[in-house]
Amino acid sequence: MSTSFLILIVLGLGLIGWLVARAKAAGMATPGSRELHSLPRYHGTYVALWAIVPALMMLAIWSSVSPRLINSAVIADPAAKSLPAEAIDRDAILSEAAQLARGDIEAGFNPASDALVPAFKKADARFGMMGGALTLVVAFACGAFGFTRLNVGFKARTKVERVTMMVLLVASLMAVLTTFGIVASLIVESGRFFSAISPIDFLFGLHWNPTAEGGPDLGENFGAIPLFWGTIFIGAIIAMIVAIPLGLMSAIYLTQYANARLRTWVKPLLEILAGVPTVVYGYFAALTVAPLVRDLAVKLGMENPSTESALAAGLVMGVMIIPFVSSMADDSIAAVPQAMRDGSLAMGATTSETIRRVLVPAALPGIVAAFMLAISRAIGETMIVVMAAGAAANLSANPFASMTTVTFQIVALLTGDQDFNTPKTMSAFALGLVLFIVTLLLNIVALRVVKRFREAYD
Amino acid sequence: MTDHSSLWQSPEMGRKLAKRYASERRFKWAGITAIVLSLSFLAFLVVTMVSNGAGGIDWAFLSSSDSTDPATAGIWGAFKGSLLTMGVTLALSFPMGVLAAVYLEEFAPRNRWIDVVEVSINNLAAVPSIIFGLLGLAVFINAFQLPRSAPLVGGMTLALMTMPVIVIAGRNAIKAVPPSIRDAALAIGASPVQVVFHHVLPLALPGILTGTIIGMARALGETAPLLMIGMRAFVATPPDSVVAPATVLPMQIFLWSDEVDSGFVQNTSAAIIVLLVFLIAMNGIAIYLRNRFEQRW
């Protein structure tokens, strides 16, 4: 019996329970003298929950236990006498036989696994039947138990609502679980990396070449400073030189000068810039912007400039960030009290003087927070740098040079390789940890700045 | 008594005023330039893609799957992978996000635990997408042993990324429902859970859907986390289940962009056009929903 079929049956039992219990509840009430505490449909839901939830829990437990039971049954089978005693070899053959029995693969790599297929099929069918029967018994028994508790005064609604509240609580804990999952997986994998390579070599080393084989001093190949520099140079310097003036000036023009009609047209158009997938920007950077930048480098008299340059990636990334900076700056300028603007204009200042001397200084904390969030966006951006920035870890201030970033290296280290236990792949998690901590700090500080700034004017 | 009017009209004052007005005009022009530059970049991008790729869009391109020959390669396989992945993402993140938003906005007690939940939701919304990919790789693939390259894992990873967006949009939509609605329902005997599910949630639904569509549009264009969980396989036949190896539309763009054969330039641009059309349509629906159903109380 397949699992999905079993789930369907359990759900069907739940539906039957719902209908029967609702009918019973409706029949119990006698208008005037014996009123139901809860509506019939709550009685129905109560029984359906009893029928479904324990059975599905049972099924989940069973499907995590049964592979082990099946394996031990197969090993006990006479056909398994010839199996090697080594646990690793035996498990390999067993898992191959399992795949053969389920039809996942056509032919086994090891001839020994063919012999085990009938035993496997037998054990599979037996334990499958057992699990299915157990699940159905649980569904039926629990449903019946719920059903016997129904009577006129039974507080079915309260019970159902209690379950609802638990579901709501679990849903809201998912976010914490995700955060915990991120932190745990990054820390565990980085911990394994740092047990092989000292964190000092990693954080302050100047040489990055993770593909180099072995060597006496492994730490020498994992100096991440060139990556940090590339990330900062592309994301926090070049991209911001593009995004901050353009984003800030468009926000100022749209809020202070433009009329309502222009605003309703231009704002959504600017938002499109933020909605374009980063892979599209990456392709555009590699296909169109990078050759232009290369031509520019040639005109500036550079010899043999690379097609992949920090400038091309940074420029395109900057454009991607414009709407983000613009809408954050927009919000913080709008939060400045109208009285300050009116006061400045009444004193005879021109609009631009009011903006530069009153509005922007007053909104400065919010604008600074916007810059920090923009930087955190830019340094976490992946596809643009993967497609346009290059793989060479250069420690250079030349924007035409090929440069690599933290995100690029995470992608490069983790794609293609299936083996997760080399320092090379684990270093990707260490880089991820650094990236996570830096973006988190930028966000926390920025949000705190915004909050205090809001309070100052409220 | 000095004569202010003569001072006001003195040539020196005139020069000062002219300077100030000139700087006013320069400032205004700087603003216009900023907008024009940003929008012309967008126009440049769109025109480049259309001129490279518009010729490549035909029925064969839309209905066939990936191939090593650019002339026969199409996007249907990747598109179907995207559909399956988005289906998983929506099925997980929408209920989770809405229920979490309901709990946090309507029932959560004000205590330290709930602060932790709120802080983590706000931070998750700002975590770089590639970190979610690392999570998916470490948890779903290494720890749970789920299949690589499968829409199931991709959808789960993207769901974790989309959920905070839906929670934040959902909370704002629920917050916008006026308390008088809740009071009225409570006054005629509804339980708090009934108030929320019968009255508040239906009224907040347009706002929640708008946020969901925007979150889904972002997930549809996402590549980096899927790269981490191995959805970059060469898939010549469309996936037929959520555990079959698959690729998605943005990933197909990325894979084709790496091809040496210049015929793939047209394919890549054509796939980009298709992706952009979908994203614009989704955002258009979101804007329509917001304008059509959003009530101002």
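In this predicted model, S149(B) counts as buried because 22 C-beta neighbours lie inside 10 Å, where 20 or more are needed. S149(B) is found in the loop between helix 6 and helix 7 of chain B, and its phi is positive, about 60°, although S149(B) is not a glycine. The loop between helix 6 (129–143) and helix 7 (151–176) of chain B also holds Q145(B), another residue other than glycine with a positive phi, here near 60°. Is Q145(B) buried or exposed? With 7 C-beta neighbours inside 10 Å, Q145(B) counts as exposed, because a residue with 12 or fewer falls in that class.

The table sets these two residues beside two residues of chain A.

| Residue | C-beta neighbours inside 10 Å | Class |
|---|---|---|
| S149(B) | 22 neighbours | buried |
| Q145(B) | 7 neighbours | exposed |
| P399(A) | 20 neighbours | buried |
| V298(A) | 13 neighbours | partly exposed |

**Around P399(A) and helix 14 of chain A**

P399(A) sits in the loop between helix 13 (383–388) and helix 14 (406–414) of chain A, and P399(A) counts as buried because its 20 C-beta neighbours inside 10 Å reach the cut-off of 20 or more. When residues up to four places away in sequence are not counted, P399(A) touches I238(A), S309(A), A310(A) and L311(A). From C-alpha to C-alpha, P399(A) and A313(A) are 9.9 Å apart in space, although 86 residues apart in sequence.

Helix 14 of chain A, which follows this loop, is largely enclosed by the rest of the structure, because 8 of its 9 residues are buried. The buried residues of helix 14 of chain A include V406(A), F408(A), I410(A), V411(A), L413(A) and L414(A), and also T407(A) and Q409(A).

V298(A), by contrast, is partly exposed, because its 13 other C-beta atoms within 10 Å fall between the limits for exposed and buried residues. V298(A) lies in helix 9 (residues 278–299) of chain A, and its C-alpha is 10.0 Å from that of F400(A), a residue 102 places away in sequence.

**The nonpolar cores**

In soluble globular proteins, nonpolar side chains tend to be buried together. The largest nonpolar core of this model has 188 residues, and the members that touch the most others are A285(A), A313(A), V316(A), V325(A), A374(A) and A388(A). Which helix gives the most residues to this core? Helix 7 of chain A does, with 18 residues. Leaving aside its neighbours within four places in sequence, A313(A) is in contact with I234(A), A285(A), I384(A), V385(A), A388(A) and A389(A). Another core, of 23 residues, lies apart from the largest one, and among its residues are V47(A), A55(A), A156(A) and V160(A).

**Domains within each chain**

The domain assignment divides chain A into domain 1 (3–154) and domain 2 (218–457), and the C-alpha centres of domain 1 and domain 2 of chain A lie 52 Å apart. For chain B, the assignment gives domain 1 (4–56) and domain 2 (61–293), with 39 Å between their centres, taken over C-alpha atoms. The two domains of chain B touch through 7 residues of domain 1 and 8 residues of domain 2, and on the domain 1 side these residues are 3 nonpolar and 4 polar, with no charged residues.

**Where the two chains meet**

Between the chains, 65 residues of chain B are in contact with 66 residues of chain A. Helix 2 of chain B gives the most to the chain B side of this contact, with 17 residues, and by class that side has 47 nonpolar, 14 polar and 4 charged residues.

Which helix of chain A comes within 8 Å of helix 2 of chain B, axis to axis? Helix 7 (residues 225–257) of chain A does, and its axis crosses that of helix 2 (residues 11–53) of chain B at roughly 115°; the crossing is left-handed. From helix 7 of chain A, the residues of the contact include P245(A), L246(A), M249(A) and Y253(A), while those from helix 2 of chain B include K28(B), G31(B), I35(B) and S38(B). The residues of this helix contact divide into 11 nonpolar, 3 polar and 1 charged. Helix 7 of chain A thus has a place in two parts of this report, giving 18 residues to the largest nonpolar core and meeting helix 2 of chain B.

Notes:
Residues are numbered from 1 along each chain as its sequence is written. Chains are lettered from A and ligands numbered from 1 in the order in which they are written. This is a predicted model: local features need pLDDT of at least 70, side-chain atom pairs count only at pLDDT 80 or more; totals for chains, interfaces and linings use all residues. Axes are lines fitted to C-alpha atoms, for helices over the stretch in contact, and angles run from 0 to 180 degrees between N-to-C directions. Helices (H or I, at least four residues) and strands (E, at least two) are DSSP runs, numbered from the N terminus. A crossing is left-handed if the near helix is turned anticlockwise from the far one by less than a right angle, and right-handed if clockwise. Ala, Val, Leu, Ile, Met, Phe, Trp, Tyr, Cys and Pro count as nonpolar, Asp, Glu, Lys and Arg as charged, and the others, Gly among them, as polar. Domain bounds come from an automatic or database domain assignment. A nonpolar core is a set of buried Ala, Val, Leu, Ile, Met, Phe, Trp, Tyr and Cys residues joined through C-beta atoms within 7 Å.
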